[in-house]
Amino acid sequence: MATALAFALAGCGTEGDPAPGSTKPAAVPGANQQGAEQGGEQGADAPRPLMLDATGLLNALPIESQVGDVMVGGDPFVVQEGEAAEYCAQEEGISCAGLVAASGKDMEARGNSDGARVEFRLFSFETADQAKAAMKGQVDRWRKADASSGGRWQQKTVDSGADETEAVRDDEVDVDVVVMRLGTVVAHIVASDVLPDNVRHSAVVQASQVQALGETGSRGY
C-alpha cells in the first residue's frame, strides 16, 4: 500500500545572476527562456532554451525536504560525456546523441517499511531537439515494453509545468513513471508505492528545480 507522504512545495528563487552550472547569461526579469526550442541558428533577439551543464544538473536534483518530510536519500551522482552516454544507454536503453551529462538521486521513506521509493534522473543535451528525441525514445521504449507485457501501463496526466510531460502507471506493481522535458534537459522519475498526488508533487518539485537553476540561478544544494 502506498504511503501518504507529507509533501510540501519548496519556495522558488529570485531572478539574478546564474549560479554555477547554468549555461545561460544573467536572467532578465520577465524573460521567457523556454520560447526557443530549435537546435539550429536563432535570431539575435530569440530567447535561448533552458540549458544546464554537469554542475547545474547535479544542483537541480531535489533535496529530501522538498519531496517529503519522511523521505531520506542517498548521495546524488553526476556523470559526463562518454561516461554519461554509456550510463544513458544502460539506464534508458536508448541512443542519447548530444548528451552533455546525467545526474541522479534515489529517495525512500524513512525505514522503508512499506517500500515507498522515488528515483530522480536528469539528462542534459546540447540542443532542445536532441532532448526531444531522447524523450521520444523513452516513451517509445515504454510502449514496446507495455505491448509485450499485455498492456498494463495506463496513460496518466501530470501537470508538471514542464515543456513536455509523459506519464504512465502500472497498477499491478504500483509503479508510476514520469518523463519531462524542460528546454535541453530531460527529467525521468520512477515512483514505487507512492500515492498519485505525491507522484505529481515530485514531478512539480523536479521541474521547478530545473527551471529555478536554469532561469533564475537558484540552487538545489
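Salt bridges to start. A search of the whole structure finds 14 of them, a salt bridge being a side-chain nitrogen of Lys or Arg within 4 Å of a carboxyl oxygen of Asp or Glu. Before the details, a word on the source. This is a predicted model, where local features need pLDDT of at least 70 and side-chain atom pairs count only at pLDDT 80 or more, while totals for chains, interfaces and linings use all residues. Residues are numbered from 1 along each chain as its sequence is written, and side-chain values use heavy atoms, with hydrogens and water left out.

Take glutamate 91. Its salt bridge partner is arginine 121, with the closest N and O atoms 3.3 Å apart. Glutamate 91 sits in helix α3 (residues 81-92) and arginine 121 in strand β4 (residues 117-125), so this pair ties together parts that are 30 residues apart in sequence. Helices (H or I, at least four residues) and strands (E, at least two) are DSSP runs, numbered from the N terminus.

Is arginine 121 buried or exposed? Arginine 121 counts as buried, because its relative accessibility is 9%. Glutamate 91 has 31%, so it counts as partly exposed. The cut-offs: buried is under 20% relative accessible area, exposed is over 50%, partly exposed is in between, with a 1.4 Å probe and protein chains only.

Next, arginine 117. One salt bridge links arginine 117 to glutamate 108, closest N and O atoms 3.4 Å apart. Another links arginine 117 to glutamate 119, at 3.0 Å from N to O. Arginine 117 is partly exposed at 26% relative accessibility. Glutamate 108 is partly exposed at 25%, and glutamate 119 is partly exposed at 23%. Through shared partners, salt bridges join Glu91, Asp106, Glu108, Arg117, Glu119 and Arg121 into one network.

On to the cysteines. How many disulfides are there? The count is 1 disulfide, taking a disulfide as a pair of cysteine sulfur atoms within 2.5 Å. Cysteine 88 is joined to cysteine 96, with 1.6 Å from S to S. Both cysteines, 88 and 96, are buried. The torsion about their S-S bond is about -55 degrees, so the disulfide is left-handed.

Now helix α4, residues 128-148. It has 21 residues and reaches 31 Å from its first C-alpha to its last, close to the 30 Å expected at 1.5 Å a residue. That expected span is 1.5 Å times one less than the number of residues. The buried residues in α4 are Ala128, Ala131, Ala134, Met135, Gly137, Gln138, Val139, Trp142 and Asp146. What covers them? The cover includes α3, β4, β5 (153-156), β6 (164-170), β7 and β8 (185-192). Just after α4, glycine 150 takes a positive phi of about 95 degrees.

Stay with aspartate 146, in helix α4. Aspartate 146 has a relative accessible area of 15%, so it is buried. Beyond residues up to four places away in sequence, aspartate 146 touches Gly151, Arg152 and Trp153, where a contact means heavy atoms within 4.5 Å. Aspartate 170 is 24 residues away along the chain, and the two C-alpha atoms are separated by 9.5 Å.

Another aspartate, number 176, lies in strand β7 (residues 175-182). At 7% relative accessibility, aspartate 176 counts as buried. Which side chain does aspartate 176 join by a polar contact? Arginine 169, at 2.5 Å. A polar contact is a pair of N or O atoms within 3.5 Å; within protein, one must be able to donate a hydrogen and the other to accept it, and residues adjacent in sequence count only if both atoms are side-chain atoms. Leaving aside neighbours within four places in sequence, the contacts of aspartate 176 include Val168, Ile189, Val190 and Val199.

Then glutamine 206, found in helix α5 (residues 196-216). Its relative accessibility is 1%, so glutamine 206 counts as buried. Not counting residues up to four places away, glutamine 206 touches Ala60, Leu61, Pro62, Phe120, Leu122, Met180, Ala187 and Ile189.

Last, confidence. The chain averages a pLDDT of 77, and 75% of the residues score at least 70. Over residues 1-20 the pLDDT is below 50, and this stretch has 55 contacts in the model beyond near neighbours in sequence. pLDDT is the predictor's confidence in each residue, from 0 to 100. Residues 217-221 also stay under 50, with 22 contacts beyond four places in sequence.
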